[in-house]
Amino acid sequence: MRHGKKFNHLSRTATHRRAMLSNMATSLIMHKRITTTLAKAKALRVYVEPLITRSKDDTTHSRRVVFSYLQSKEAVTELFRDISPKVAERPGGYTRIIKLGQRLGDNADMAMIELVDFNLNLLGEKATVKAKGTRRGRRGAGKKGAEEAVVATAGEVKASKSAAKKEAEPVAPAATAVKEPEEKIEEITDTVEDSGPVADAEEPQSEEENKA
């Protein structure tokens, strides 16, 4: 029976449990992601998130309090220097637990616990998702936006129709058409007839006729 069991003792004494959680918290802060059993991951989340909240207030007192839990100067420096600026705007929920299935040896439930703000793959996917609209806008704003979209669409359709109509119109024939060869021949003949009969060329007289 439970009888006032407020948390999971993890089958360890108090000192062993505190030392184990301290080491796991240090590893999580330094590596940003660790794999452990599901029960330990849930216990670590309750242990490390208050320390991350404490790191938002970068004072000597806060550093000493965190050091009393972690017992690692490198982890304290990493927490206050790199992790604290990234979680400054987040109101809690700094870690994520992902279940990995059962372990082969004893069939224990395994899980991966990681810092939310240091998963670059999920952050990249989140940046591509469009922001959803809120319902706090004034009344009629959505209707007005829809009407403007309809008007814009109608204008685009009209412009496309006019462009297609212009393309379908036949091209007018050229003003100066090339005359056919027969018409040219007839024009030359008419010009020759109008100019009158051509005078015959005088034939040269022979020498005998000149002597006579």
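# Sheet, helix α3 and unusual backbone angles

User: In what order do the strands of the open sheet of three strands stand?
Analyst: The pairing in this open sheet is antiparallel, and two strands are taken to pair if DSSP finds at least two bridges between them. The edge strands, each of which pairs on one side only, are β1 (33–37) and β2. The order of the three strands is β1-β3-β2.

User: What side-chain pLDDT limit applies to this predicted model?
Analyst: Residues are numbered from 1 along each chain as its sequence is written, and side-chain values use heavy atoms, with hydrogens and water left out. The model is predicted, so totals for chains, interfaces and linings use all residues, local features need pLDDT of at least 70, and side-chain atom pairs count only at pLDDT 80 or more.

User: How many helices and strands does the chain contain?
Analyst: Both kinds of element are DSSP runs numbered from the N terminus, with helices (H or I) of at least four residues and strands (E) of at least two. From the N terminus on, the elements run α-β-α-α-α-β-β-α-α-α-α. The secondary structure thus comes to eight helices and three strands.

User: How many bridges join strand β2 to strand β3?
Analyst: Strands β2 (residues 95–102) and β3 (residues 109–115) run antiparallel. Individual partners can be named: R96 is bridged to E114 in β3, and I97 to I113. The number of bridges joining β2 to β3 is seven.

User: How many bridges join β1 to β3?
Analyst: These two strands also run antiparallel. T36 stands opposite A111 of β3, while T37 stands opposite M110. The number of bridges joining β1 to β3 is five.

User: How many of the seven residues of β3 are buried?
Analyst: Buried means under 20% relative accessible area and exposed over 50%, with partly exposed in between (1.4 Å probe, protein chains only). In the chain of 212 residues, 24% count as buried. Strand β3, however, is mostly covered, and its buried residues number six.

User: Which residue in the hairpin of β2 and β3 takes a positive phi?
Analyst: Six residues lie between the two strands of this hairpin. Most residues other than glycine have a negative phi. The residue with a positive phi, near 65°, is N107.

User: Why do the buried residues of α3 line one face of the helix, and what arc do they span?
Analyst: In α3 (residues 60–70), the buried residues are S62, V65, V66 and L70. Seen down the helix axis, they line one face because they fall within a limited arc, taken from the directions from the axis to the C-beta atoms. That arc is 130°.

User: Which residues of α3 are exposed on the other side?
Analyst: The buried residues of α3 include V65 and V66. On the other side of the helix, the exposed residues are T60, H61 and R64.

User: Which helices are included in what covers the buried residues of α3?
Analyst: Covering is judged by contact, meaning heavy atoms within 4.5 Å. The residues to be covered include S62 and L70. The cover includes α1 (14–31), α2 (38–55) and α4 (73–86).

User: What share of the contacts with a separation of 6 or more comes from residues 24 or more positions apart?
Analyst: The count concerns the contacts in the chain with a separation of 6 or more. Of these, residues 24 or more positions apart account for 55%.

User: Is L10 buried or exposed, and what is its relative accessible area?
Analyst: L10 is found in the segment before α1. Although not a glycine, L10 has a positive phi of about 60°. L10 is buried, with a relative accessible area of 9%.

User: Is Q71 buried or exposed, and at what relative accessibility?
Analyst: Q71 is found in the loop between α3 and α4. Its phi is near 60°, a positive value in a residue other than glycine. Q71 counts as exposed, at a relative accessibility of 55%.

User: What distance separates the C-alpha atoms of G93 and V116?
Analyst: G93 has its place in the loop between α4 and β2 and counts as partly exposed at 38% relative accessibility. Not counting residues up to four places away in sequence, G93 touches E49 and V116. G93 and V116 are 23 residues apart along the chain, and their C-alpha atoms are separated by 8.0 Å.
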